[in-house]
Amino acid sequence: MSVFWDRKEKPYVMLLFLMPLFWMVGSLFLGRYFPDPGKALMNLSGIWASVFIIAVLSMTPIVKYMSLRVVSRYRRFVGLTAFFYAIFHLITYLVLFAGLNLSWIVSDLLDKPYIYAGVVALMVLSVLAATSTKSMMKRLGKRWKPTHKFIYLAVVCVVAHLWWQVKSDVTVALWVSVFIVPLLSFRFNQIYFYKKYFKKT
Amino acid sequence: NSFQNIIETPYGSAEKVAPFDVATSYNNFYEFGYGKNDPKDKSAEFKTTPWTITVEGEAGKTGVFDLDDIIKESMLEERIYRLRCVEAWSMVIPWVGVSLGDVLRRFEPTSKAKYVYFETLYDPKQMPAQRGGSFDWPYREGLRIDEAMNPLAMFAVGMYGSVLPNQNGAPVRLVIPWKYGFKSIKSIVKIRFVETMPETTWSLLAPSEYGFYANVNPNVDHPRWTQKQERRLPSGVLFPNVIDTEMFNGYSEEVASLYAGMDLSRFY
């Protein structure tokens, strides 16, 4: 715990990151998502998980180009928040949307491609969250960084998950892609140029 | 706006009807926007009187008809039907209207009328979402003539004892309770009797996901989600009311014979 609360502004940052949750739960009990809260909350929680995934991906470029070192201290915190909202998204699907109806969940899981994409993304995020502690960093050593590169797989799955389930309204899928595609190409460019110009010399 | 002397019918008398506010604020009527609240929020100014319907094609009596001449208030009945959306939610609605077949027969369809085609109003000034988007407006739907003549098929002008609210398809819509909701076309301005199967909006947009028939069928999933269950709205705060979806939305007795011998997984 003492390691986690290493910075005194952290509780306030946490409160800030939890605001969407408080808002969603509050709205739920105020009946704002009536008459189909499962659908509304499932969509909203998914949007917030995407927002925090975009945020964690943006951190490297922000640190690099704006020299905002303080941002890099919160990389793990933002990543864990993304994981938290992804789990919340899963719970809203299981309980509020599908009513824990086993037949519904199993048939979704068995043959719906966009569900696979979401499941893969969630599994990757779980592994990253589980290996995010200092002790896990030490234990994994050199393998830690390659392991955490799997965030790119999760991101690609998130984008697929969003586009695959569009019925007619592409707004959310489009906005998430607008942020994620440049961020991904930034990374791949970086790797490409790095190899081309620096590695040989 | 409420109708007098509506004829009572036994349809759905055992069902639990959705609250009026739910049925009028959770709608798919894409002409007014994609959000479930958009139809209510954006249709207040929609003008439904006077309203005419153009009747064309393989029929003895064609032309432009005033809605008031097609339906007389004295003919109206109330029927409580289950409405199953292709998105896997459902509601129970008390509709007011007449049998679709009774209306269609008065136009004297000929033996060439194998199908009947319907069209929604196209008026981007009044229907904001028609100004853009991926839809090829106007919204189009169709039925095989024997489906249209089935006594369950309804030509509705009201719900909950009063005229249809704009967001629910005023002033006149279809209600085809054994088919997914998108077959029940709203704000109808055109009826055409045709010999070949007409093109319909959703099957044009995504033919692998939405067929012409679109019968409620728990054995044929939508490619991207299950149709075996549905959320009967309104949901509770934390738990939805998930129930098993029935074949033909529970209207097998009345309509199964229409599809005898047909492979319903092919003709979805």
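Q: What pattern does chain A follow, read along the sequence?
A: This is a predicted model, and in it chain A runs α-α-α-α-α-α-α-α-α-α. That fits the element count for chain A, ten helices and zero strands.

Q: Why is chain A called as compact as a globular protein of that length?
A: The globule rule gives 17 Å for 201 residues, and the radius of gyration of chain A is 18 Å, close to that, so the label holds. Along the principal axes, the C-alpha atoms of chain A fill a box of roughly 60 × 40 × 30 Å.

Q: What makes a residue of chain A count as buried, and what percentage of the 201 residues do?
A: A buried residue has 20 or more other C-beta atoms within 10 Å of its own. In chain A, 28% of the 201 residues count as buried.

Q: How do you know that helix 6 of chain A has close to its expected reach?
A: Helix 6 covers residues 113–130, which is 18 residues, and at 1.5 Å a residue the expected span is 26 Å. From first C-alpha to last, helix 6 of chain A reaches 26 Å, so the two figures agree.

Q: Which residues of helix 6 of chain A are buried, and what do they pack against?
A: The buried ones are A:I115, A:A117, A:G118, A:A121, A:L122, A:V124, A:L125 and A:L128. They pack against helix 4 (75–97), helix 5 (102–111), helix 8 (144–148) and helix 9 of chain A.

Q: What about helix 9 of chain A: what does it reach, and which of its residues are buried?
A: Helix 9 (residues 151–164) has 14 residues and reaches 20 Å, close to the 20 Å expected. Its buried residues are A:A154, A:V155, A:C157, A:V158, A:V159, A:H161 and A:L162.

Q: Where does UniProt list "transmembrane region" in chain A, and what is the helix content at residues 46–65?
A: The unreviewed entry lists residues 12–34, 46–65, 77–102, 114–130, 150–166 and 172–194 of chain A. In the model, residues 46–65 of chain A are 100% helix and 0% strand, with end C-alpha atoms 29 Å apart. Residues 77–102 of chain A come out at 85% helix and 0% strand, and there the end C-alpha atoms are 34 Å apart.

Q: How many helices and strands does chain B have, and why is it called as compact as a globular protein of its length?
A: Chain B has seven helices and 13 strands. Its radius of gyration is 18 Å, close to the 18 Å that the globule rule gives for 268 residues, so the description fits. As for burial, 46% of the 268 residues in chain B are buried.

Q: What makes up the largest nonpolar core?
A: That core has 62 residues, and those with the most contacts inside it are B:I93, B:W95, B:L100, B:V116, B:M154, B:A156 and B:L174. Among the elements of chain B that each supply at least two residues of this core are strand 5 (89–99), helix 4 (100–105) and strand 8 (154–159). A second, separate core of 38 residues includes A:F34, A:A40, A:V78 and A:Y85.

Q: How do you know that B:A156 is in contact with B:W95?
A: A contact needs C-beta atoms within 7 Å, and B:W95 is on the list for B:A156, so the pair meets that cut-off. Leaving aside neighbours within four places in sequence, the list also holds B:V96, B:G97, B:L164, B:R173 and B:V175.

Q: How many residues of each chain are in contact with the other?
A: 21 residues of chain B are in contact with 23 residues of chain A. The chain B side divides into 13 nonpolar, four polar and four charged.

Technical notes
Residues are numbered from 1 along each chain as its sequence is written. Chains are lettered from A and ligands numbered from 1 in the order in which they are written. This is a predicted model: local features need pLDDT of at least 70, side-chain atom pairs count only at pLDDT 80 or more; totals for chains, interfaces and linings use all residues. A nonpolar core is a set of buried Ala, Val, Leu, Ile, Met, Phe, Trp, Tyr and Cys residues joined through C-beta atoms within 7 Å. A residue is buried if 20 or more other C-beta atoms lie within 10 Å of its own, exposed if 12 or fewer, and partly exposed in between; C-beta atoms are placed from the backbone. Helices (H or I, at least four residues) and strands (E, at least two) are DSSP runs, numbered from the N terminus. Two residues are in contact if their C-beta atoms, placed from the backbone, lie within 7 Å. Ala, Val, Leu, Ile, Met, Phe, Trp, Tyr, Cys and Pro count as nonpolar, Asp, Glu, Lys and Arg as charged, and the others, Gly among them, as polar. UniProt positions are given in the numbering used here, feature names are shortened, and annotations may be inferred rather than shown by experiment. The radius of gyration is taken over C-alpha atoms; the globule rule is 2.2 Å times the number of residues to the power 0.38.
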